[in-house]
Number of protein chains: 2
Amino acid sequence: MRSYHEYCSVARALDVVGERWTLLIVRELLLGPRRYNELLEDLPGIGTNLLADRLKMLTEIGVVRQRPARTDGRAKAYELTPFGAELRPSVLHLARWGMRLLGDPPPGAVTRPRWGFLAVQALIQPGSVDSIDEDYEFRVDGEVFHISVRDATANAAAGPAENPAMVAVTDTATFIRIGSRRITPFEAVASGVLTLTGDPAAVMRCSAILGLTGAGAAAVPA
Amino acid sequence: MRSYHEYCSVARALDVVGERWTLLIVRELLLGPRRYNELLEDLPGIGTNLLADRLKMLTEIGVVRQRPARTDGRAKAYELTPFGAELRPSVLHLARWGMRLLGDPPPGAVTRPRWGFLAVQALIQPGSVDSIDEDYEFRVDGEVFHISVRDATANAAAGPAENPAMVAVTDTATFIRIGSRRITPFEAVASGVLTLTGDPAAVMRCSAILGLTGAGAAAVPA
DNA sequence: CTGCATCCGCCTCGATACTG
DNA sequence: CAGTATCGAGGCGGATGCAG
């Protein structure tokens, strides 16, 4: 295992998760346990030997562990250990930062609706959460997830909301275009690529939580 | 420039800062502007061509920019753009995460006191800051920096504090050993590798800010 | 069919030498 | 001091093979 040989926690962290593909494997596992072949599908281009090597290394270090898959007793699934799950803030901050680098989807690019789920978690701004308890549901290219606000704290979770105050329906490209502030939700609604139903006031509160209301659409320099 | 070809903000971020050495360059620049040869010294093993390539790429993307060095009008220094500086939370979270992976300093490992400055910033827990305005000074192998608490918010800065309520003097290895919770500040004082002067109550408040008081010395699994 | 291990061409990386 | 040029070694990516 290659190392920077620096006695610094950043360098040490990068010794473990800084090699190619490794943090993307963590990204997938942050969305839930995953089987080997599922990871191969989620990460086009990775090469099966590399995935096996990375999983073995991450398992040895204690970032990832195996456990029997839910559906099939024989098959095994990979999941993050609690230690590995502590990478979530780093990955979410990277997601937030990378959002501004995303232009329109290039022709050869792969897109997965699940990634939008991560994007929402990255956009949530703890300071902008109102004290009204309610849920917002998102349906992005068939993938369904929601944000729950309880006690002025917002959490994202998979699956539909029980009684959503707002439902947003769109496609992955539009979703990321909104998240990267290239268009506003209102423009998306106007052009018909986003459908918002529910309480208009809840729509505004949800937009605020995701930091999409302010004029702070900072552009990428140069 | 190599890419994952995924339309996902995490993958896009890693396209830019995920290659070898790149995030360590950012780490150095987070500590202030730096000249080419200084970066070469800070990052042993990088290879001068790779540093040049990375700096050029980061400059084109808008993460880094050049500006005339302060001391010498002709010489140029590299610094982060505001966009690049937004990588700070990601790097600090990684620093926090990697702290638990740091054992005792291996024989061949390089150590720089400046890295401890980053470690302190990574350890600061916004929720554990008392509402007493005061400063804490740290002297680690000659490098001096401090934490300022104002309005229940803690900030780390380079240089000495004006009127520190506490001064901690130690070496880099001990400093990181404390940060990784392998020993407590009290054990370090007892064994003579850490010297704390000032108000004992301030020492406790500072320890709390850095999350060093609780029993939460979570170990690395397996 | 899933879950890897092996093999091979290629491209990045790392070290040294060289130039403005 | 601040890079560019060159070249060998090794990690990476893709195809294939094989065991449970």
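Modeller: A polar contact is a pair of N or O atoms within 3.5 Å; within protein, one must be able to donate a hydrogen and the other to accept it, and residues adjacent in sequence count only if both atoms are side-chain atoms. This is a predicted model: local features need pLDDT of at least 70, side-chain atom pairs count only at pLDDT 80 or more, and totals for chains, interfaces and linings use all residues. Residues are numbered from 1 along each chain as its sequence is written, chains are lettered from A and ligands numbered from 1 in the order in which they are written, and side-chain values use heavy atoms, with hydrogens and water left out.

Colleague: How far is a polar side-chain atom of B:Arg54 from a phosphate oxygen of DNA strand C?

Modeller: B:Arg54 is among the closest residues to DNA strand C. B:Trp21 also has a polar side-chain atom by a phosphate oxygen of this strand, at 2.6 Å. For B:Arg54, the distance is 2.6 Å.

Colleague: Which side chain has an N or O atom 3.4 Å from a base nitrogen of DNA strand C?

Modeller: Of the strand C atoms within 4 Å of the protein, 66% belong to sugar or phosphate and the rest to bases. One base nitrogen is 3.4 Å from a side-chain N or O atom of A:Asn49.

Colleague: How many residues surround DNA strand D?

Modeller: A residue is near a strand if one of its heavy atoms lies within 4 Å of it. The closest to DNA strand D include A:Arg20 and A:Gly45. A side-chain N or O atom of A:Arg20 is 2.3 Å from a phosphate oxygen, while A:Gly45 uses a backbone N or O atom at 2.9 Å. The number surrounding strand D is 18.

Colleague: Which element gives the most to the surface near DNA strand D?

Modeller: Helices (H or I, at least four residues) and strands (E, at least two) are DSSP runs, numbered from the N terminus. The top contributor gives four residues: helix 4 of chain A.

Colleague: Is B:Leu118 buried or exposed?

Modeller: B:Leu118 lies in helix 7 (residues 113–123) of chain B. Buried means under 20% relative accessible area, exposed over 50%, partly exposed in between (1.4 Å probe, protein chains only). At 2%, B:Leu118 is buried.

Colleague: Which chain A residue is in contact with B:Leu118?

Modeller: Contact means heavy atoms within 4.5 Å. Neighbours within four places in sequence are left aside. B:Leu118 then touches B:Arg27, B:Leu31 and B:Leu92, and from chain A, A:Val10.
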